[in-house]
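Biologist: I'd like to learn how to read charged pairs and greasy surface spots in a model. Can you walk me through this one?

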Amino acid sequence: MAREIDEAWIDEAIDRYKRVEGLRADFDRAVAAHQVSVHSPDQSIEVVVTAAGDIVDVQVHGGLRQRDQVEFARQLKAVVTSATEAARWAREKLHAEVFGSFHPLEGR
């Protein structure tokens, strides 16, 4: 038994594929451009990270000479961990914004 080809469904699938590709490009641009700033628990270190996870700036507030090396390393690790989490959160938020209204193609 021969099956009919649903031309309208195929056309819709092609259009949706093109739309997904456009949304993906929008998402990639947004992830690269969106920046989040986080601080160490003691507020002495600030890291700016993109939603892609790239660190774009690090600022150390206050002098370095009087700092305990172990405590400074602890604060640095904490802020980098926070930056990683902030980048993930930003990606998820951007994904929901870009793809939130997109619904899967229903089979016919």
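Modeller: Sure, let's start with one pair: Glu71 and Arg74 both sit in helix H2, three residues apart, about one turn of the helix. Helices here are DSSP runs (H or I, at least four residues), strands are runs of E with at least two, and both are numbered from the N terminus. Before we go on, this is a predicted model, where local features need pLDDT of at least 70 and side-chain atom pairs count only at pLDDT 80 or more, while totals for chains, interfaces and linings use all residues. Residues are numbered from 1 along each chain as its sequence is written, and side-chain values use heavy atoms, with hydrogens and water left out.

Biologist: What do the side chains of Glu71 and Arg74 meet in?

Modeller: The general idea first: side chains of opposite charge can pair when their charged atoms come close. The rule for a salt bridge is a side-chain nitrogen of Lys or Arg within 4 Å of a carboxyl oxygen of Asp or Glu. Glu71 and Arg74 form one at 2.5 Å, N to O.

Biologist: How many salt bridges does this rule give?

Modeller: Four. Among them is Asp26 with Arg29, whose closest N and O atoms are 2.4 Å apart. Both lie in helix H1, three residues apart. Another is Arg24 with Asp28, at 3.4 Å between the closest N and O atoms; these two are also in helix H1 (residues 7-33), but four residues apart, about one turn.

Biologist: Is Arg29 buried or exposed?

Modeller: The cut-offs are under 20% relative accessible area for buried, over 50% for exposed, and partly exposed in between (1.4 Å probe, protein chains only). Arg29 is exposed, because its value is 52%. Its partner Asp26 counts as partly exposed, at 35%. In the other H1 pair, Arg24 has 41% and is partly exposed, and so is Asp28 at 38%.

Biologist: And the greasy spots: which residues form the nonpolar patch on the surface?

Modeller: A patch takes residues with over 30% relative accessible area and no salt bridge; like charges are joined within 9 Å, nonpolar side chains (Val, Leu, Ile, Met, Phe, Trp, Tyr) within 5 Å. Here, Ile55, Val58, Val60, Leu64, Leu76 and Val80 make up the patch, with about 460 Å² of accessible area together.

Biologist: Which element supplies the largest share of it?

Modeller: Strand S3, with three residues. S3 (55-60) and helix H2 (69-99) each supply at least two. Leu76 lies in H2 and is partly exposed, at 34%.

Conventions
Accessible areas come from the Shrake-Rupley method with a 1.4 Å probe; for residues, only the protein chains shown count as cover.
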